[in-house]
Amino acid sequence: MFDDFMFRASLAGLGVAIAAAPLGCFIVWRRMAFFGDATAHAAILGVALSLTLSMPIFAGVLVVSLLMALAIATLSERGYAMDTLLGVLSHSSLAFGLVAVSFLSGIRIDLMAYLFGDILSVGTLDLGVIWGGAALVLTLVGWRWSALLTSTVNPELACASGISPKRENMILTLSLAVVVAVAIKVVGVLLIAAMLIIPAATARPFSRTPETMAIIAAIIGCGASLAGLQVSYVMDTPTGPTIVCIVAILFGVSSAFRYFIRPQKTHA
């Protein structure tokens, strides 16, 4: 039987994995990996803002992550190369956030907990925020699933069908900001993008439909979260990085299946 803190940590990991899975699929399909990374790095600025204004961490991180995502979307439409833009904003936002945190006087802050997560310290209020955010993300993505898929596969077809790709991008951006805000406690800003991308990439070889890929990604993320917690508890390793290590190993297994097992079945 889990101790109370392990039970809360398990619920927190499951909430983040479930929220990140469908969103991660769209990030993989749209090749937006660095977009998620840049949004996550901006979260440290949100932490500094929250502590300065004595507001909830979730609120500050959500606002700054959303502003970062909107800035990227706006600047990319004005002729900036996306890879250059993401590289500049990702690293500069992280640097500015770390500098801003250093100016906070009289406030004790465990910076490592925000960089790499501190899932074992999750409390009841944190669980409410994580699962509330997960419910919001699942509702948004589920409500717009068909429109998001259409605008991802063929923006021209989406426009012809009366779907606005720009609006769908905004919904995706809002969902990403929410996931970043709820996941910072679990895996930290440096590892959030990994939990978005790796489970979805791992699920891809086993999926025949977009819906199947999202479900398998959620299962992989949940399994990695629980396994990572157990391994971290037994081996006394950092929990957030351990969870990402587990899901990375699963990605390796998935890659082996894709390149060795499936071709053999195809030629049989």
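In this report a residue is called buried under 20% relative accessible area, exposed over 50%, and partly exposed in between, with a 1.4 Å probe and protein chains only. The model is predicted, and for that reason local features need pLDDT of at least 70 and side-chain atom pairs count only at pLDDT 80 or more, whereas totals for chains, interfaces and linings use all residues. Residues are numbered from 1 along each chain as its sequence is written, and side-chain values use heavy atoms, with hydrogens and water left out.

**Overall architecture**

The protein has 13 helices and zero strands, where helices (H or I, at least four residues) and strands (E, at least two) are DSSP runs numbered from the N terminus. The radius of gyration is 19 Å, close to the 18 Å that the globule rule gives for 268 residues, so the protein is as compact as a globular protein of that length; the radius is taken over C-alpha atoms, and the rule is 2.2 Å times the number of residues to the power 0.38. Along the principal axes, the C-alpha atoms fill a box of roughly 65 × 50 × 30 Å.

Buried residues make up 47% of the 268 residues. With contact meaning heavy atoms within 4.5 Å, residues 24 or more positions apart account for 76% of the contacts that have a separation of 6 or more. The protein exposes about 13200 Å², of which carbon and sulfur atoms supply 68%; accessible areas come from the Shrake-Rupley method with a 1.4 Å probe, and for residues only the protein chains shown count as cover.

As for charge, the mean positions of the 14 positive and 12 negative charges are 11 Å apart. Lys and Arg count as positive and Asp and Glu as negative, while His and the chain ends are not counted; the place of a charge is taken as NZ of Lys, CZ of Arg, CG of Asp or CD of Glu.

**The nonpolar core and helix α8**

A nonpolar core is a set of buried Ala, Val, Leu, Ile, Met, Phe, Trp, Tyr and Cys residues joined through side-chain atoms within 4.5 Å. The largest such core has 74 residues, of which Ile-72, Ile-119, Ile-184, Ile-192 and Leu-196 touch the most other members. Helix α1 (residues 4-29) gives this core its largest share, twelve residues. Leaving aside residues up to four places away in sequence, Ile-119 touches Ala-9, Ala-12, Gly-13, Lys-185, Val-186, Leu-229, Thr-239 and Ile-243.

Helix α8 (residues 145-153) is mostly covered, with seven of its nine residues buried. Those buried residues, including Trp-145, Leu-148 and Leu-149, pack against α1, α7 (124-143), α9 (155-160), α10 (165-183) and α12 (210-235).

**Individual residues**

The table collects the accessibility of five residues from helices and a loop.

| Residue | Place | Relative accessible area | Class |
|---|---|---|---|
| Val-179 | helix α10 | 2% | buried |
| Thr-237 | loop between α12 and α13 | 28% | partly exposed |
| Ala-33 | helix α2 (residues 33-41) | 32% | partly exposed |
| Arg-258 | helix α13 (residues 239-267) | 43% | partly exposed |
| Asp-236 | loop between α12 and α13 | 71% | exposed |

Val-179 is in contact with Ala-19, Ala-20, Leu-23, Val-137 and Leu-196, not counting residues up to four places away in sequence. The C-alpha atoms of Val-179 and Ser-161, 18 residues apart along the chain, are separated by 29 Å. For Arg-258 and Cys-245, which are 13 residues apart in sequence, the C-alpha to C-alpha distance is 20 Å.

Under the same exclusion of residues up to four places away in sequence, Ala-33 touches Ile-27 and Ile-197. Ala-33 and Gly-188 are 155 residues apart in sequence, and their C-alpha atoms are 17 Å apart in space.

In the loop between α12 and α13, Asp-236 has a positive phi of about 55° although it is not a glycine. Most residues other than glycine have a negative phi. Thr-237, which lies in the loop between α12 and α13, is in contact with Val-231, Ser-232 and Thr-242, leaving aside its neighbours within four places in sequence.
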